[in-house]
Amino acid sequence: MPKIPKGRRVGQAAVNAVRALLEEHDHIVQEISGQNDFGEDLYVTFVEDEHVTSDVIRIQVKGGDKWRRANGYAVPVSHHGDTWADGNIPVYCVVYDPDSKRLFWANATQQLRRSGPFNRPKVIGVSPNAVLADTTMESFVAQARRYVGRYRGREAVLTHLGEMSGVEFDPADHVLHFVNGYDEDLIFWRRPGDELATLLHSALDWEPHLVSLASLMRSEMPPPDFVADDEAAVRLWNDHDLSSAEDLELSRPELMWVASCFMSTRQADEESEAVFGSDECEGCPSCTGEEPVEHGNIAADVLHRYVIDRVVTRFEVEPDLLQRSISAMREDGELEPELVAELGPLEADPRTVRQVKRLSRSTMKDLGPEAFQLAVLYLIHRIYIGGPSLPLDEQVRIVWRIPEPG
């Protein structure tokens, strides 16, 4: 008598579990025949308030314990890299753990596009925090639909520029793009109301450079209104490592383009203030004592050293801080989908997980970049950056997963 392989039973159970869960929440699921399975098992069309939306994703389902890794799960990319990364419909990977009977998800398209076409990972990392269940369905659908929507209208432009430069832009940010005579790309990025901007240049490997209009014009003779206040400009130079046009080797047309970006975005801010009112700050979180917003600028290396020093200080009195923080994260049923997406590839890498699990006061400064990122995600809920005029210990506010004692 022919025998049905166990792997086939588990695989079909996984597909059935995903399909049943989505259909329970009234989403439309189309299963792909095994004969036509080329890296996707399901097509899902999302439904909102009993109305069919135009938001569609593809899902690759894996079932069984062989997909487990050091601190999560991993789905092999195999020969699907191009279709998962470059298709018109994003692909999600869902793993079914037969022991816990739980589902875990990851955005495969997002992970592949972040890594770029020449450095694609061999596996899609799936975080054990990325639970797909009744209680998390709303946040999962919201994240998936938001990701699909990134490829429409202005969001499509921001998404393209972000994937090209490796930066995540907020829809409210001022983001402008320029191509010079050598087919090199420049991106101007400024948050509303900020005095400084970030310049990204493909010829400089997309390394971010903080600039002000004054710093760029140091070797020029700008009109008086280019620099609003000399004292403020000096303070910015002292507080930040600002780049000049010479540092960035900007040509005259490039420099004039950046200057026009500053002026046009400042004008947009002024028009926005005129619409919403200049007294808006009276009700902002910073004034009311509520959760602040992230609005300042700080050099990456300064922030990196400051976070390390704070973590090391806590490890001196709380050696079990990491284990308690991981437990707190696991118990948090409302993790942001963006955080879950970051955790996936990090937790699927055994070397990164080993480094983090050996974390101590003495090893903190020797962590590789991936291990440092994972440790920070475990230990810290959020980092708020205040205005550059504040002292460093006031400018940077850390919200820990485990509150500081006392």
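Visitor: Which residue's side chain meets D55 in a salt bridge?
Guide: Happy to start there, with the reminder that this is a predicted model. The closest N to O distance is 2.6 Å, inside the 4 Å that a salt bridge allows. The side chain that meets D55 there is that of R145.

Visitor: How many residues apart in sequence are the parts that D55 and R145 tie together?
Guide: D55 belongs to strand β3, while R145 sits in helix α4, residues 137–149. The salt bridge therefore ties a strand to a helix, across a sequence separation of 90 residues.

Visitor: Is D55 buried or exposed?
Guide: A residue counts as buried when its relative accessible area is under 20%. R145, at 22%, is partly exposed. D55 has a relative accessibility of 5%, so D55 is buried.

Visitor: Strand β3 also holds R58; which residue pairs with R58 in a salt bridge?
Guide: Side chains of opposite charge can pair when their charged atoms come close. For R58 the N to O distance is 3.4 Å. The partner lies in the loop between β1 (28–31) and β2 (42–48), 18 residues from R58. That partner is E40.

Visitor: What is the relative accessible area of E40?
Guide: R58 counts as buried at 9% relative accessibility. E40 is buried as well, and its relative accessible area is 9%.

Visitor: How far apart are the closest N and O atoms of R330 and E347?
Guide: R330 is in helix α12 (residues 321–331) and E347 is in helix α13, 17 residues apart. The two form a salt bridge. Their closest N and O atoms are separated by 3.7 Å.

Visitor: Is E347 buried or exposed?
Guide: R330 is partly exposed, with a relative accessible area of 32%. E347 has a relative accessible area of 0%, which means E347 is buried.

Visitor: How many of the eleven residues of helix α13 are buried?
Guide: Helix α13 covers residues 337–347 and is mostly covered. Its buried residues include L339, V340, L343 and L346, with E347 also among them. The count of buried residues in α13 is eight.

Visitor: Which residues are linked with R314 in a network of salt bridges?
Guide: By the rule used here, the count of salt bridges comes to 16. The network joins R314 with E318, D320 and R324.

Visitor: At roughly what angle do the axes of α12 and α15 cross?
Guide: Two packed helices are described by the angle between their axes and the distance between the axes. The axes of α12 and α15 (residues 369–379) come within 8 Å. The helices count as roughly perpendicular, because angles of 65 to 115 degrees fall in that class. The axes cross at roughly 70°.

Visitor: Which residues of α15 make the contact with α12?
Guide: On the α12 side, the contact is made by L321, L322, S325, I326, M329 and R330. The residues of the contact divide into seven nonpolar, one polar and one charged. From α15 come L377, Y378 and L379.

Visitor: How many of the eleven residues of α15 are buried?
Guide: The buried residues of α15 include L377, Y378 and L379. A371, F372, L374, A375 and V376 are buried too. The helix is mostly covered, and its buried count is eight.

Visitor: What is the phi of D205, roughly?
Guide: Most residues other than glycine have a negative phi. D205 is not a glycine, yet its phi is positive. D205 lies in the loop between β12 (197–201) and β13 (209–211). Its phi is about 60°.

Visitor: W206 is in that loop as well; is W206 buried or exposed?
Guide: W206 also has a positive phi, of about 65°, although it is not a glycine. D205 counts as exposed at 69% relative accessibility. W206 has a relative accessible area of 17%, so W206 is buried.

Visitor: What distance separates the C-alpha atoms of A268 and P192?
Guide: A268 is found in helix α9, residues 252–276, and counts as partly exposed at 31% relative accessibility. A268 and P192 are 76 residues apart along the chain. Their C-alpha atoms are separated by 8.6 Å.

Visitor: What percentage of the residues in the protein chain is buried?
Guide: The chain has 16 helices and 15 strands. There are 406 residues in the chain, and the buried share is 45%.

Note on methods
Residues numbered from 1 in each chain as written. Predicted model: local features only at pLDDT ≥ 70, side-chain atom pairs only at ≥ 80, totals over all residues. Heavy atoms only, no water. Helix = DSSP H or I, 4+ residues; strand = E, 2+ residues; numbered from the N terminus. Buried < 20%, exposed > 50% of the residue type's maximum accessible area, 1.4 Å probe, protein only. Axes fitted to C-alpha atoms, helices over the stretch in contact; angles between N-to-C directions. Parallel < 35°, antiparallel > 145°, perpendicular 65-115°, else oblique. Contact = heavy atoms within 4.5 Å. Nonpolar A, V, L, I, M, F, W, Y, C, P; charged D, E, K, R; others polar.
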